[in-house]
Amino acid sequence: MVPLAVPFNSLGNALLLVFNGALATVIVIINVSVFISIIITKSLRTENRFIYMMSTCISDFGTGVSWYYLGIFDVDDTVSGKNTTYFISSNFLGLSYLVILAAQADRYHAVVSPFQYSRRMTPMKTVLVVCCLWVYAYAHVAALNLVTSATAAKISSIGMFVCNVIMLVIMLGLNIKLYLIAKYQLSREPPSAEREHRRGSLHLIIIVAGCFLLFWTPIFTYIIICDFATTHCYAFENRATDPLRILPRVNSALTPFLYVRGCTPLKQALLGKVWKCCASSSLR
């Protein structure tokens, strides 16, 4: 049997295990709830941005389920690590990362070139993009498991470096430009409820991008420095005790919450259909 991540012999260790278990539960519940809210609401599931959101909900659900294992037990999820899942569990998190970046680029295209976007990016093409990301992510995992540990480490470090560059371009460059363009467009519109709704959506994009950078940058920076600079970095005993790897999992719970908070139709579907139905069923 796989031992616990830390001995259950002190208050601090107990709180760590309870925190990781609670984090996994929150990730699972919020992402399942958002996914069901979208899938049962036709106006949402046929819109491109919600197609991306459904994909992140599925991958984040996998992240939450796998965190019951990675975050509670003594697991080092690498090729030669102890009790490893051979990157399969950890890859749910990376897949969510790729889809969020694609969704941000999609939103930029929709705002900057709305007419071209409406002709080019149909829901079916968006589904195709998402499917390609899933195929790429797990083809990457298969490749990592077919090479030596040293080669896998090099591939991962190069991949992290490329992802960092893409993240900075999309999350900083495109979102700053998107914010300026949208702000200019809003300043030319007369005051109205629709204008305030679009202003709120604009602020939501900035908040989501800011949280994404806050939770993902530390682990990317750490891996790049350790792999490229060949410096001696502190090695955490397992995933459960590594705060740099816990932070992206927190983002998996926070991102769907922010979308619910900033999208009125999604909030109405979640509270009025999914959670209300669950509450009614539990009272029977």
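This is a short talk about how helix 3 packs against two other helices, and about a cavity and a pocket in the same model.

Okay, hi everyone. One thing before we start: what you see above is a predicted model.

Let's begin with helix 3, which covers residues 48–70. Look at helix 3 together with helix 4, residues 88–112. The two pack at an angle of about 160°, and their axes are 8 Å apart. Angles over 145 degrees count as roughly antiparallel, so helix 3 and helix 4 are roughly antiparallel to each other. Their crossing is left-handed.

Who touches whom here? On the helix 3 side you'll find, among others, Tyr52, Ser59, Asp60 and Thr63, and on the helix 4 side the contact includes Phe92, Ile100, Asp106 and Arg107. Sorted by class, that contact has nine nonpolar, ten polar and four charged residues.

Now turn to helix 9, residues 243–262. Helix 3 packs against helix 9 at about 140°, with the axes 10 Å apart. Why do we call this pair oblique? Well, 140° isn't over 145, and it falls outside the other named ranges too, so helix 3 and helix 9 are oblique to each other. Helix 3 passes helix 9 in a left-handed crossing. From helix 3 we have Met53, Asp60, Thr63, Trp67 and Leu70, and they meet Arg245, Ile246, Arg249, Ser252 and Tyr259 of helix 9. That set splits into five nonpolar, two polar and three charged residues.

Next, the holes. There are two cavities of 30 Å³ or more, and the largest has a volume of about 40 Å³. Which helix gives the most to its lining? Helix 3 does, with four residues. Helix 9 also supplies at least two. Some names will sound familiar: the lining includes Met53, Asp60 and Tyr259, along with Asn31 and Pro256. By class, the lining has five nonpolar, three polar and one charged residue.

Last stop, the largest pocket, with a volume of about 1500 Å³. It is lined by 50 residues, and the closest to its centre are Phe87, Ser156, Met160, Ile223 and Arg245. You've met Arg245 already, in the contact between helix 3 and helix 9. Helix 7 brings the largest share of the pocket lining, eleven residues. Helices 4, 6, 8 and 9 each give two or more as well. And the lining divides into 33 nonpolar, ten polar and seven charged residues.

That's my tour, thanks for listening!

Conventions. Residues are numbered from 1 along each chain as its sequence is written. This is a predicted model: local features need pLDDT of at least 70, side-chain atom pairs count only at pLDDT 80 or more; totals for chains, interfaces and linings use all residues. Side-chain values use heavy atoms; hydrogens and water are left out. Axes are lines fitted to C-alpha atoms, for helices over the stretch in contact, and angles run from 0 to 180 degrees between N-to-C directions. Angles under 35 degrees count as roughly parallel, over 145 as roughly antiparallel, 65 to 115 as roughly perpendicular and the rest as oblique. A crossing is left-handed if the near helix is turned anticlockwise from the far one by less than a right angle, and right-handed if clockwise. Contact means heavy atoms within 4.5 Å. Ala, Val, Leu, Ile, Met, Phe, Trp, Tyr, Cys and Pro count as nonpolar, Asp, Glu, Lys and Arg as charged, and the others, Gly among them, as polar. On a 1 Å grid over the protein atoms alone, a cavity is a set of points where a 1.4 Å probe fits but cannot get out, and a pocket is an open set with protein on both sides within 12 Å along at least five of seven lines; lining residues have an atom within 4 Å of a point. Grid points are joined across faces, edges and corners, and a volume is the space filled by probe spheres set on the points.
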